[in-house]
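Reader: Hi! I'm a first-year student, and I'd love a close look at one part of this protein. Could you walk me through the place where its two domains meet?

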Amino acid sequence: MSEKIVYLNGEYLPIEQATVSVLDRGFLFGDGIYEVIPVFGRRPLRVDEHLQRLQNSLSRISLDNPFDNEAWKTIFDQLLEKNPGEDRAIYMQITRGKHPVRDLKIQPDKCPTIFMMVLQVGAIDVDVLARGIETVTIDDFRWHACDIKSISLVANVMLREQATQAGVIDAVLVRDGFVTEGTASNFFMVKNGVLITPPISKHLLPGITRDLVIELAQENDIKSEIRQIAMNELDDADEIWLTSSTREIAPVIRLNGKDVGDAKAGLVWKKMIHIYQDYKQKLRQA
Ligand code: PDD
């Protein structure tokens, strides 16, 4: 296997040689943001939308964007070239970098740490995905800034661990009686043929896959609705899905030990996953 080449502060180097100071604010405080961009063939999926979300996250934490979109895309191309493969993902993170002392106060001098690597995620197998996953609902105790794609993920780690301890793959997070999202994914429910997802807010990440799924539903005559989903509606859901760049569209077949629908990937999911795979295939060939 070829060596994994990463990007760090302007250099391309083998991953073992990429090191960051222990004074980096990303390491000390989780003071940074990240993105995960799926790549099909050589084509990053919705790259402008990912770069816009990157900009939004940076603005929210008062960190300047070190590059314009064209410069980012040039680095993506070079990194992909150095890490050949088919279905991959670009992982990128920007931290506020190294300051001379450990102090929460932001110093005026700017020295961000810019890191990127390619994740060899491999092609999604729709038959495997169709087997579905089991989840539980867990109280969403995260902060009021979940729209920032922050590298401070300890709350998500704790929530995922609660799910693991409960013997399931992931959690459906619930805040004040309403569903927010998964620990690293967005939430969809199907009821009477209508696809429903909660609105964008400070309590969930505006997922790029979420937006794409809503758009594809609209283009393909699947009725969709964006509204709050009360926890007690989940008992009667016909289908539940979790969406993300790496998981794509995962059907949830059991929730809190009870079957969702008939405990199989549903009809609307089957329609959507094929639309989604076609979209990816067109991107590969573009
Ligand atoms: N996570 N919500 C949360 C909390 C997430 O971490 C993610 C993605 C999503 C879905 O967003 P998108 O469709 O843009 O991937 C929603 C990435 C994949 C991760 O942390 O690895």
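Author: Happy to help; here is a walk through the interface between the domains. Please keep in mind that this is a predicted model.

Let's begin with the two partners. The domain assignment places residues 5–120 of the protein chain in domain 1 and residues 126–285 in domain 2. Their C-alpha centres are 26 Å apart.

Now for the meeting place itself. On one side, 27 residues of domain 1 take part, and they are in contact with 23 residues of domain 2. The size of an interface is often expressed as the accessible area that is lost when the parts come together. Here domain 1 and domain 2 bury about 2100 Å² between them, and 61% of that area is on carbon and sulfur atoms.

Next come the polar and charged links. Nine residue pairs are in polar contact across the interface of domain 1 and domain 2. Three salt bridges are also found across this interface. If you want a pair to look for, try Asp-87 and Arg-284: they form a salt bridge in which the closest N and O atoms are 2.7 Å apart.

Which elements does domain 1 bring to its side? Those giving two or more residues are helix H1 (25–29), strand E3 (32–40), strand E4 (43–44), helix H2 (47–60) and strand E5 (88–95). E3 gives the most, with seven residues. Sorted by character, the residues on the side of domain 1 that touches domain 2 are ten nonpolar, eight polar and nine charged.

Terms used:
Residues numbered from 1 in each chain as written. Predicted model: local features only at pLDDT ≥ 70, side-chain atom pairs only at ≥ 80, totals over all residues. Heavy atoms only, no water. Domains from an automatic or database assignment. Contact = heavy atoms within 4.5 Å. Buried area = accessible area lost by both parts, 1.4 Å probe. Salt bridge = Lys/Arg side-chain N within 4 Å of Asp/Glu carboxyl O. Polar contact = N/O pair within 3.5 Å; in protein donor to acceptor, adjacent residues only side chain to side chain. Helix = DSSP H or I, 4+ residues; strand = E, 2+ residues; numbered from the N terminus. Nonpolar A, V, L, I, M, F, W, Y, C, P; charged D, E, K, R; others polar.
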